[in-house]
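The following paragraphs are meant to be read alongside the sequence and the coordinates. They proceed from charged pairs to the overall architecture and then to the interior.

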Amino acid sequence: MSRFATRPSTTTIKETVSIKGIRNGLLFILRDDMPFRDVLSALEDTLRKDASQGEETSLLTAYVQLGNRRLSDEEERELRHVIASVGNMMVGGLDGAPRPSDWMKKEPFVFKGTVRSGQVIEHDGDIVIIGDVNPGARLISTGDVYVMGVLRGAAHAGAAGDRDAVVAAAYFQPLQIRIADVIRRAPEGNVQAAEMEFAYLREGEQMAVERMSALNATKAHRRNRRVAGQGVS
């Protein structure tokens, strides 16, 4: 059970920030009729007090309910920084009014079938292949690459320079994997795994392959580290 227990509000802080346990994580309900700085301070105090009541737990996803409040880019960065500072928590989403940057999010390209030798699929966004990728086929994505079958061809994720992109496949037998500008071949004699695997850049430099069960934690850790690295002045 999460140490961030839900309980009746008893103080001004708890009225300003309420926490509810939901199936996919925690829901933070922030009052929208108070100055943002006051709400942010109350959230920080709440997280600090709850974190001091127990040991580290598994990764939690936090969803923030903003009500009618609109956040500037700087305010959103500060909010994410406060939540990420807990160490085992990532922001899953904000339900405030969409900002223009949200409207521009790219849709993934989904292909059902076998990608055959000589075929090239290139997309500005994630690529999802529901099938196999044969030797001689190429996938080029500015986002992530997911193959729900055998990957025997070449896959390039983060083609525009995103070093946080990943290549995931049910069975890894690729001719070549490339993430941003880092290239490598899959290990020789790689057997078909019982669960999906993904390739990523460890510390942005060295390519590594892990089981798919570690994907969410890996991406969350990198996202939180990036947000924390931006700092809050």
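A salt bridge is taken here as a side-chain nitrogen of Lys or Arg lying within 4 Å of a carboxyl oxygen of Asp or Glu. The model to which this criterion is applied is a predicted one. By that criterion, the side chains of Glu74 and Arg77 form a salt bridge, with an N to O distance of 2.4 Å. The two residues are three places apart in helix H3, so about one helical turn separates them. Glu74 is partly exposed, at 31% relative accessibility, and Arg77 is likewise classed as partly exposed, at 29%.

Helix H3 carries another such pair. The side chains of Arg80 and Glu76 meet in a salt bridge at 3.0 Å, N to O. Because Arg80 and Glu76 are four residues apart in helix H3, they too are separated by about one helical turn. Arg80 is partly exposed, with a relative accessible area of 22%. Glu76, by contrast, has a relative accessibility of 12%; since buried means under 20%, Glu76 counts as buried. Over the whole structure, the search finds six salt bridges.

Another of these bridges joins Asp33 to Arg31, whose closest N and O atoms are 3.0 Å apart. Asp33 is exposed, with a relative accessible area of 54%, while Arg31 is partly exposed at 31%. These two residues also provide the setting for Arg69, which is found in the loop between strand S3 (60–65) and helix H3 (73–84). What is the nearest side chain of opposite charge to the buried Arg69? That side chain belongs to Asp33, 6.1 Å away, and Arg69 has no salt bridge. The 6.1 Å separation exceeds the 4 Å limit, so the pair does not qualify. A polar atom of the Arg69 side chain does, however, lie 2.7 Å from the backbone oxygen of Arg31.

The broader architecture can now be considered. The secondary structure comprises five helices and 15 strands. Of the 233 residues in the protein, 40% are buried. Among contacts with a separation of 6 or more, 38% are between residues 24 or more positions apart.

Helix H2 offers specific examples of residues that are distant in sequence. Thr46 lies in this helix, which spans residues 36–51, and at 1% relative accessibility Thr46 counts as buried. The C-alpha atom of Thr46 is 9.8 Å from that of Thr16, although 30 residues separate the two along the chain. A polar atom of the Thr46 side chain lies 2.8 Å from the backbone oxygen of Ala42. Ser41 also has its place in helix H2, but Ser41 is partly exposed, with a relative accessible area of 38%. Between the C-alpha atoms of Ser41 and Val17, which are 24 residues apart in sequence, the distance is 9.9 Å.

The interior comes next. The largest nonpolar core contains 22 residues, of which Ile129, Val133, Leu139, Val147, Leu151, Val167 and Ile179 touch the most other members. Strands that each supply at least two residues of this core include S7 (127–130), S9 (145–151), S11 (167–172) and S12 (176–179). A second, separate core has 21 residues, including Leu40, Leu47, Leu79 and Val91. Within the largest core, Val133 merits a closer look: beyond its neighbours within four places in sequence, Val133 is in contact with Val115, Leu139, Val147, Val150, Leu151, Arg152 and Gly153.

How does strand S9 sit among its partners, and how many of its seven residues are buried? Six of the seven are buried, so S9 is largely enclosed by the rest of the structure. Strand S9 runs parallel to S7, to which three bridges join it; here Ile127 stands opposite Val145 in S9. Strands S9 and S11 also run parallel and are joined by five bridges, with Tyr171 in S11 serving as the bridge partner of Val150.

A backbone feature completes the tour. Most residues other than glycine have a negative phi. Ala180 has a positive value, with phi near 55°. This residue, Ala180, lies in the loop between S12 and strand S13 (182–184), and with a relative accessibility of 6% Ala180 counts as buried.

Terms used: Residues are numbered from 1 along each chain as its sequence is written. This is a predicted model: local features need pLDDT of at least 70, side-chain atom pairs count only at pLDDT 80 or more; totals for chains, interfaces and linings use all residues. Side-chain values use heavy atoms; hydrogens and water are left out. A nonpolar core is a set of buried Ala, Val, Leu, Ile, Met, Phe, Trp, Tyr and Cys residues joined through side-chain atoms within 4.5 Å. Buried means under 20% relative accessible area, exposed over 50%, partly exposed in between (1.4 Å probe, protein chains only). Contact means heavy atoms within 4.5 Å. Lys and Arg count as positive and Asp and Glu as negative; His and the chain ends are not counted. A polar contact is a pair of N or O atoms within 3.5 Å; within protein, one must be able to donate a hydrogen and the other to accept it, and residues adjacent in sequence count only if both atoms are side-chain atoms. Two strands pair if DSSP finds at least two bridges between them.
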